[in-house]
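Reader: I would like a close look at one part of this model, with the cut-offs stated. Please take the packing of the interior.

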Amino acid sequence: MQLALTQLAVLAGLSVVPSTSLADGADLPLLTDDLAAAAQARRVLWLQTQAQPLPTLPAAVLGRIDLDITPTQLRQAVETVLQDRPWPPTLGEELKGLSEREREILGLLVQGLRDRDIADRLILSESTIKFHLNNVLSKLQVQTRYQAIYQATRNGWI
């Protein structure tokens with residue numbers, strides 16, 4: 001697993017430094033699934049595997065990632081944690097750019113409703129729904145509504 005994560009970090013354009021060579025108090029985030037190591041670090045990205053239950057994590061854990069993370073997401077996670085912000089972004093941070101109507105439409109989309117059904121429920125035209133959905137895709141930086149649904153459900157936003 002260490003080799004795979006190292007390769008992922010390299011693909012993300014990150015430098016990999018063994019935790020044993022880090023000086024005390026280093027600002028670099030530690031990527032680990034070891035509670036003892038996490039307790040010693042200032043900033044931690046916790047590696048969550050499917051097989052392990054989520055333990056009580058130390059306060060230094062600013063973010064959680066899993067093995068499905070892409071190199072781009074890993075780089076974003078590291079940059080976010082370096083700013084002492086949580087990863088993945090909380091609902092308020094990630095969806096702050098969405099209007100109330102866009103959040104409402106995304107919520108209905110997550111429920112499996114089609115554009116026509118959403119339009120009927122909100123008493124809007126189908127083209128207005130498509131306009132709002134295009135704004136949602138743009139603001140979430142995804143290309144398809146399925147990616148938006150996946151991102152929203154996976155991160156617990158909806």
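Author: What follows describes the nonpolar cores, one helix and one arginine. This is a predicted model, in which local features need pLDDT of at least 70 and side-chain atom pairs count only at pLDDT 80 or more, while totals for chains, interfaces and linings use all residues. Residues are numbered from 1 along each chain as its sequence is written, and side-chain values use heavy atoms, with hydrogens and water left out.

A nonpolar core is a set of buried Ala, Val, Leu, Ile, Met, Phe, Trp, Tyr and Cys residues joined through side-chain atoms within 4.5 Å; buried means under 20% relative accessible area, with a 1.4 Å probe and protein chains only. The largest such core has 14 residues, and L14, L45, I65, L74 and W87 touch the most other members. Two or more residues each come from α1 (2–11), β2 and α3 (71–82), helices being DSSP runs of H or I with at least four residues and strands runs of E with at least two, numbered from the N terminus. The largest share, four residues, belongs to α3.

A second, separate core of 10 residues includes I105, L108, L133 and I149. In helix α5 (residues 100–110), the buried residues are E102, I105, L106, G107, L108 and L109. Their cover includes α6 (115–122), α7 (126–140) and α8 (145–154). Just after α5, G112 has a positive phi of about 95°.

R43 sits in the loop between α2 (35–40) and β2 (44–48). R43 counts as buried because its relative accessibility is 6%. A polar atom of the R43 side chain lies 3.3 Å from the backbone oxygen of V81.

Definitions and conventions:
Buried < 20%, exposed > 50% of the residue type's maximum accessible area, 1.4 Å probe, protein only. Polar contact = N/O pair within 3.5 Å; in protein donor to acceptor, adjacent residues only side chain to side chain. Contact = heavy atoms within 4.5 Å.
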